[in-house]
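Thank you all for coming; I would like to take a few minutes to go through the charge pairing and the nonpolar packing of this chain.

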Amino acid sequence: MLRVNNLVGFGLGGTVVPATISYQTSKVSGSTTTSYSFASTAFGAAQADRLIVVTVSGLIAPSSGTGHITGVTVGGITATEVIQDVTFGGGNSVHCGIYVASVPTGTTGTVVVTTKASGSISRAGIGVFAVYGANATATDSDSDTGTSTKTCVVNVPAGGVVIGVTCNYTSSRTTTWGNLTERYDQNINSGTYQSGADAAFETAQTSLSITAAPSAATQCSMCVAVFGP
């Protein structure tokens, strides 16, 4: 459901119209490939200022390297990378990232995630959020990796929204989020799961701590992005 905040007169000397966010869906694929195509994906209500924010999660075969996600398109529109991160361990590693595209028309479409030809991602998943009234350039972002609770610290402008994602190298786990509301918690396949969350903030937040705690120790990466009006 789209959350609308009717808040007028906060901020410095004028009216700030807060951004709103609406979680749409999550999808997964257990394939090993360099191009994942998620068809018939919900984008939410069409609007001139609509941003589609896509969270991406996946398992990586190699135990080193960076930038394994090489591109995301949303309804044929190229998305901009906000942040991606990876945590390595043994022969497999987990990766996550956040991407944004301005997509004013259409209520459904195809999301395509491409990866490096060498060291491709397997077991990929996405989460999709529609954001309205925000600038397409993220105002802040952060990432964290580890095997226990992950923490990202961000500054949020008044009327801003925050989106978070985790990817974990294990199955049948859950994630407990702090300062964000969980939207999906989902096995990608028997060895990997993803979780995503969001929140809208009427007032500015300084050094806001976002936490993601897995239900058991697990190799995990986490990314958070902030979008403001």
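**One salt bridge and two cores**

Searching the whole structure turns up one salt bridge, that is, a side-chain nitrogen of Lys or Arg within 4 Å of a carboxyl oxygen of Asp or Glu. Please keep in mind that this is a predicted model, in which local features need pLDDT of at least 70 and side-chain atom pairs count only at pLDDT 80 or more, while totals for chains, interfaces and linings use all residues. Residues are numbered from 1 along each chain as its sequence is written, and side-chain values use heavy atoms, with hydrogens and water left out.

The partners are D198 and R183, whose closest N and O atoms are 3.1 Å apart. D198 lies in strand β15 (residues 192–201) and R183 in strand β14 (residues 181–189), so the bridge ties together parts that are 15 residues apart in sequence; strands here are DSSP runs of E, at least two residues long, numbered from the N terminus. D198 is buried, at 1% relative accessible area, whereas R183 is partly exposed, at 28%, where buried means under 20%, exposed over 50% and partly exposed in between, with a 1.4 Å probe and protein chains only.

Turning to the packing, the largest nonpolar core (buried Ala, Val, Leu, Ile, Met, Phe, Trp, Tyr and Cys residues joined through side-chain atoms within 4.5 Å) has 23 residues, and V72 and V74 have the most contacts inside it. Among the elements that give two or more residues to this core are β2 (35–42), β4 (69–74) and β9 (121–132), and β9 gives the most, with six residues. A second, separate core has 21 residues, including V53, V131, V165 and F227.

How values were computed: Helices (H or I, at least four residues) and strands (E, at least two) are DSSP runs, numbered from the N terminus.
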